Amino acid sequence: MSIFKVKQLWSNERLQNEDYLDGIQNSSSVKVDKFNLSNDSDCILLAEGQELKIYKPNIEQEDAHVILESHESDIILQIETGKFIIDSSDRQILLLHPQSFAIYLLERKEGHIDAGDQNYLRPILKHDFTRKAYRVIVGPFGVAKSRELICIQALDGTMSFFEQDTFLFMCLFPDVIIPGPISYVPSSDLFIICTTSWVMEIYSYQQLREFSELSGRQNKKIIPQWSYSPGEELSAVQVIRTSSTFSSIIALGERYLYCFQDNGLMKYMLRFDFMPVCFHAYLVGWYYEPNSRLLNMVVSEDSKLHVYEDTMLLWSCDLLHKTISISRCFIKNLSGGLVTLSNKGIVSVSYLGTEPDLNSTIVPINADPGPRDIEEELKIVEEALDKFVEKADDSLHLPSQLVKVNIEFGKAVESFIEELDSNLPFTVSDSTVCLDEINGTEIVETRIFLIGDMAISNTHTKFIFTITETSGQINVVSKNELLPLALYARRVELNSDCEFNMSFTTNQKYLSFDNIFTDLPPNTNSTTFLYKNTNKIVIFQMKEEQYTIEAKDCVEIFPIVNNILHRFEEYYRQKSVNNFEIAFNMTPELIKQIIHKFLKCVEVHAKERLQCKDLEAQLNVLQSQFTLIQKKLLVQYGSLPPSNCDPLEFLMRDTYSNIIATTEMLLTCRQNVIRASCDFSAVGNLLLCVLKHSEVEDIKIKILEETLSLETIHEDTQEWEESVTQASSHILNTILKKEKDRERLAPITDQDILSHVNLKRFLRQTKIILDSMFLQSTEVKEKITRIEEFVEVI
Amino acid sequence: MRAMTIQAKVAGNGYEEVQYFPQNSELINSAVAKTPRPGTSFQRPITAQNEAVSATTRPKTNSAVVQVRTAQSALLTASRLSRAATAAAAGSSYAEAPVILRFISEDNKDFLPVAKTLFEYVYYCESNVRKAMEIIFQVKKMDEKHDWWWNYCLARCYYTLGMHRNSEESLKQSLKQHKHVAIYLRLVALYVSINQPLTALDACKQGLSAFHESTPLLLEQARIHDMMGNQAVAVKYYRMVAIQNPSNMEAIANIAMFNFYNDQPEIALRYYRRILAMITPGPEIYNNLGLCCLYCSQWDLILPCFRQALYYSTNFESRSIIWFNLAHTALSAGDLILTRRCLQNSLAISEHAPARRALLAIEMRLKAKT
């Protein structure tokens with residue numbers, strides 16, 4: 001219930017041992033007083049078990065906090081200071097042990113060498129007694145001028161009076177069974193005694209003295225000067241002189257604070273709504289000043305400090321420690337500091353600070369998360385996402401190529417759509433770009449990525465431009481562009497034996513490679529390419545007046561061949577050589593090999609597709625099964641009385657896991673289909689390429705190319721085999737019409753194209769077509785005249 | 001003798017733990033004073049909202065009820081908090097209280113000195129009122145000039161037994177012997193419990209004439225006025241309490257509440273912010289802050305306040321009320337759908353009649369729109 005906190009100025013926390021025994025200190029084991037040794041500031045005397053520690057708190061010097069630490073022979077119950085000896089200039093220290101008290105003088109010895117000054121306690125006197133002591137009060141009892149007397153309250157409530165080491169007398173009260181707080185009022189020579197029956201009684205010293213002589217013989221009861229019954233047990237009493245004639249007696253109960261004048265007049269009564277633990281009353285100003293103020297500092301059980309003037313609360317703040325004793329001290333630079341002793345034995349000097357305690361320590365969990373928290377959370381989410389789509393992550397590191405399309409328009413155009421189409425394993429970052437109201441030049445940038453590890457089949461990218469003019473006319477322009485070699489392959493210095501090789505010649509003289517590959521050193525005759533995604537190599541070299549391309553398999557060869565041919569053409573175009581031609585040196589075995597490979601790949605593709613279809617059918621069945629079980633289970637759940645659902649649940653779980661497994665298989669199968677399609681399309685493209693550069697007339701090649709339509713296979717919906725079958729039979733029947741072929745071929749049945757029989761037939765058909773094509777090409781070479789006839793026939 | 005002392009000391013130990021009970025009993029006193037209050041304070045808003053016609057005004061008055069209630073509970077929790085530690089200490093003493101005080105017989109010469117301790121032990125630890133009263137009568141017999149405290153305790157015993165008239169008599173007797181704040185407080189509590197607020201106010205006045213500006217008496221007076229519906233007078237006394245003791249939560253909370261209903265939400269907001277600085281945060285204070293912000297048009301703070309309130313709220317009822325207030329906020333923003341959702345939320349957590357009525361009204365309104 002406080003806004004403020006105390007500000008700590010000094011604390012002995014660092015000087016304390018780590019292990020602290022609970023309960024070896026009480027509220028009177030700390031005492032603040034001034035000695036000759038330190039005139040400028042107060043010393044704090046602290047008793048901790050058998051040890052006496054004297055501190056002189058200061059802020060400036062780091063080392064001189066501890067004046068003295070001494071180990072006594074017995075437990076120290078209380079520390080008091082005063083002038084107990086007449087012939088001494090300084091105040092002495094009185095230590096109360098359970099069965100004795102001792103008086104010391106704090107002195108300083110000059111250091112001999114560099115060790116500095118040494119403080120020590122000079123014992124003056126020591127006195128033993130039999131009753132166990134509880135508390136000591138000192139003061140000039142009986143208005144003794146020059147020295148102070150000692151009164152020790154024992155555990156049974158008796159009070160023994162001493163002057164120096166002489167026993168004077170002892171008082172025994174019938175009402176006191178256990179000792180309560182006692183105090184002495186110096187100004188009017190009164191004793192305050194709190195009895196076990198919760199009554200505060202006030203006696204004069206004279207009364208006590210007479211009473212002690214009477215007691216024992218007669219059972220006469222001593223009558224107090226005045227008494228007060230607070231109705232609760234008093235825990236502490238303090239006397240403070242508030243004016244030149246009166247002193248104030250302040251008593252703390254369980255819930256109330258009482259303030260009296262020493263003549264018994266009650267000044268005020270204060271009720272707390274908390275549990276008070278200890279208090280300290282002090283006077284601001286001097287007692288002989290008329291406007292001095294009496295203030296009370298009360299420490300509550302929840303370690304809050306409340307400062308009252310009369311019944312008015314002046315200040316309340318948090319003490320930060322559980323406090324068992326509080327007093328004030330004057331040290332250099334701080335007059336009126338709070339000295340508190342915590343329940344852990346820590347003495348601290350602090351002052352009333354104004355740092356508001358606005359619950360800043362409590363950080364609500366649902367507070368707005370800071371940017372850093374969001375970042376962390378995002379990171380976690382992203383990690384989870386990454387795990388989920390690991391493959392997508394790869395594309396970031398894969399080679400990519402920036403495609404810039406420069407568009408120039410002669411006239412104003414209303415809208416413009418650009419589409420980029422590329423074959424697997426290439427993908428485009430933006431496949432479609434739409435632009436509105438263009439007038440002039442526009443540059444469109446897209447990126448092409450290489451993903452997946454399937455064979456590269458086609459390195460062409462098709463650009464389709466749809467242009468809507470302001471007049472409303474729509475034009476469609478398309479353009480094929482070759483992707484740069486650097487995107488999918490890099491040059492390596494690596495040689496390995498290659499089983500497949502192909503060679504070609506040109507009608508020009510031999511050309512060094514550095515003419516077509518700008519980054520090669522001059523007069524290179526051989527170079528090796530490595531595909532970035534499949535790690536397969538293709539060797540391109542000059543051998544016996546022929547250009548040879550070697551690879552492990554004919555699948556890999558096409559993109560490089562295509563690229564090289566393109567480069568040759570480009571080179572000669574720049575040189576303005578018009579009659580440049582390329583001729584492949586194809587042996588029949590080689591052609592056979594390629595065709596065989598092509599058909600093999602088609603077969604693999606068809607098989608994978610079949611498997612895929614099977615899985616799809618299976619998934620369909622499972623799905624309907626799952627729905628059925630769910631329905632049954634729902635009926636089961638709702639039925640009265642409820643029947644056993646465990647078998648159905650088991651079935652459902654089993655079906656579910658089956659579905660998951662099938663789906664995974666299907667996914668891998670799809671991937672296989674794509675891979676196979678890439679393979680055969682690569683080989684197919686190679687075939688077409690070879691055909692193109694042979695002497696077969698263009699129209700046939702065009703027809704074949706369109707028939708095979710190798711670009712279309714990548715779309716999932718396309719069923720390549722089915723569509724090609726129809727077209728190929730057309731080729732067979734019309735273009736390559738030959739009687740004997742026709743007889744040999746059985747027509748394709750009505751069954752599914754992918755069925756075993758039909759597939760075989762299809763393959764044979766394709767084989768015949770390709771064979772005949774190549775046959776023509778070889779024929780053409782031998783008899784050029786026949787080609788002309790052939791053309792005429794068509 | 002030594003053995004006797006030790007025994008007494010053990011008894012004293014037993015007492016050490018018992019001594020926390022007086023506060024508890026006073027808590028009961030003040031709780032007695034408090035319990036009728038919500039009922040009376042409800043009267044105003046209930047009459048105001050009687051058959052409120054339009055859907056827009058209805059939730060507003062309803063939230064006023066909420067305000068009262070939450071402010072009340074804020075006070076209760078606050079006062080409970082400060083005593084939580086003591087209650088914990090007291091709770092453990094039941095099992096541990098080791099002594100059966102048969103050692104100290106009535107003939108023993110130590111009986112009188114320890115009688116008070118013994119009484120408290122019997123009264124609080126053994127909760128044996130009859131035995132405690134026996135002790136009182138014994139003391140009265142033995143000691144002719146018996147203390148005022150014995151009469152006071154006798155009144156306490158009568159009070160627990162429900163003998164209010166006897167209790168009043170002994171308290172008055174005790175008051176003749178001695179004037180103590182505790183007697184006045186007990187007298188006030190007694191009158192409040194037998195539903196005589198005017199007599200209670202009289203007792204307060206007597207007490208205040210003896211103890212000027214005594215905070216507990218002022219507070220009691222303010223509570224009685226508040227209970228009787230004299231909010232303005234009550235606030236006057238609450239202000240006096242706050243001047244005496246600026247950290248008195250109840251006074252500040254009540255002043256804030258008064259300001260809130262007096263169409264001064266800005267001032268109420270400042271008081272509530274001060275309370276927030278003083279106590280450990282709870283759902284009520286944030287709820288009240290949120291409502292104040294709403295009426296002060298500090299839109300940016302409304303939702304954070306309610307969010308905190310929801311975060312701190314532990315019991316269903318307060319959660320439901322906070323959602324109800326949120327519905328009111330949504331209604332002020334003009335979002336009927338959100339209002340309906342909040343109300344549904346409120347009802348989902350705990351059945352709350354105003355929320356139910358408001359939901360019906362909103363539904364009707366929405367239907368009329370479509």
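Two strands pair if DSSP finds at least two bridges between them. Keep that in mind for the exercises below, which use a predicted model.

**Exercise 1. Which residue of β9(A) stands opposite Tyr104(A), and what sheet does β9(A) belong to?**

Step 1. Start with the pair of strands. Strand β8 of chain A covers residues 100–109, and ten bridges join it to β9(A). The two run antiparallel.

Step 2. Now look across from Tyr104(A): you'll find Pro123(A), which sits in β9(A).

Step 3. Zoom out to the sheet. Four strands of chain A make an open sheet in the order β6-β7-β8-β9, with antiparallel pairing. Its edge strands are β6 (78–82) and β9 (118–128), each of which pairs on one side only. On average, neighbouring strands here are turned by 30° against each other, ignoring direction.

**Exercise 2. Find the strands that pair with β40(A), and give a bridge partner for each.**

Step 1. Take strand β37 (residues 500–506) of chain A: it pairs with strand β40 (residues 546–551) in the antiparallel sense, over five bridges. Here Phe504(A) stands opposite Tyr547(A) of β40(A).

Step 2. Next comes strand β39 (residues 537–543) of chain A, joined to β40(A) by six bridges and again running antiparallel. Ile539(A) has Glu550(A) in β40(A) as its bridge partner.

Step 3. What holds such strands together? Strands of a sheet pair through backbone hydrogen bonds, either parallel or antiparallel.

**Exercise 3. Is Glu469(A) buried, partly exposed or exposed?**

Step 1. Locate the residue: Glu469(A) is part of strand β34 (residues 460–469) of chain A.

Step 2. Count its neighbours. Glu469(A) has 15 C-beta neighbours inside 10 Å.

Step 3. Compare with the cut-offs: 20 or more means buried, and 12 or fewer means exposed. Glu469(A) falls in between, so it counts as partly exposed.

Step 4. Here's one more thing to find in the structure. Glu437(A) is 32 residues away from Glu469(A) along the chain, and their C-alpha atoms are separated by 9.3 Å.

**Exercise 4. Describe how α6(B) packs against α7(B).**

Step 1. Get to know the chain. Chain B has 19 helices and zero strands. Of its 370 residues, 47% count as buried. If you take contacts between residues at least 6 apart in sequence, 53% join residues at least 24 apart.

Step 2. Read off the geometry. Helix α6 (residues 129–142) and helix α7 (residues 148–161) of chain B pack at about 155°, with axes 10 Å apart.

Step 3. Angles over 145 degrees count as roughly antiparallel, so that's the label for α6(B) and α7(B). Their crossing is left-handed.

Step 4. Check who meets whom. The residues from α6(B) include Val129(B), Met133(B) and Ile136(B), and those from α7(B) include Trp150(B), Leu154(B) and Cys157(B). By class, this contact has ten nonpolar, one polar and one charged residues.

**Exercise 5. Now do the same for α11(B) and α12(B).**

Step 1. Helix α11 (residues 215–228) and helix α12 (residues 231–244) of chain B pack at about 160°, and their axes are 8 Å apart.

Step 2. Apply the cut-off again: α11(B) and α12(B) are therefore roughly antiparallel to each other. α11(B) passes α12(B) in a left-handed crossing.

Step 3. Find the contact residues. Among them are Leu218(B), Ala222(B) and His225(B) of α11(B), plus Val233(B), Tyr237(B) and Val241(B) of α12(B). Sorted by class, the contact has nine nonpolar, five polar and one charged residues.

Notes
Residues are numbered from 1 along each chain as its sequence is written. Chains are lettered from A and ligands numbered from 1 in the order in which they are written. This is a predicted model: local features need pLDDT of at least 70, side-chain atom pairs count only at pLDDT 80 or more; totals for chains, interfaces and linings use all residues. Two residues are in contact if their C-beta atoms, placed from the backbone, lie within 7 Å. Axes are lines fitted to C-alpha atoms, for helices over the stretch in contact, and angles run from 0 to 180 degrees between N-to-C directions. Angles under 35 degrees count as roughly parallel, over 145 as roughly antiparallel, 65 to 115 as roughly perpendicular and the rest as oblique. A crossing is left-handed if the near helix is turned anticlockwise from the far one by less than a right angle, and right-handed if clockwise. Ala, Val, Leu, Ile, Met, Phe, Trp, Tyr, Cys and Pro count as nonpolar, Asp, Glu, Lys and Arg as charged, and the others, Gly among them, as polar.
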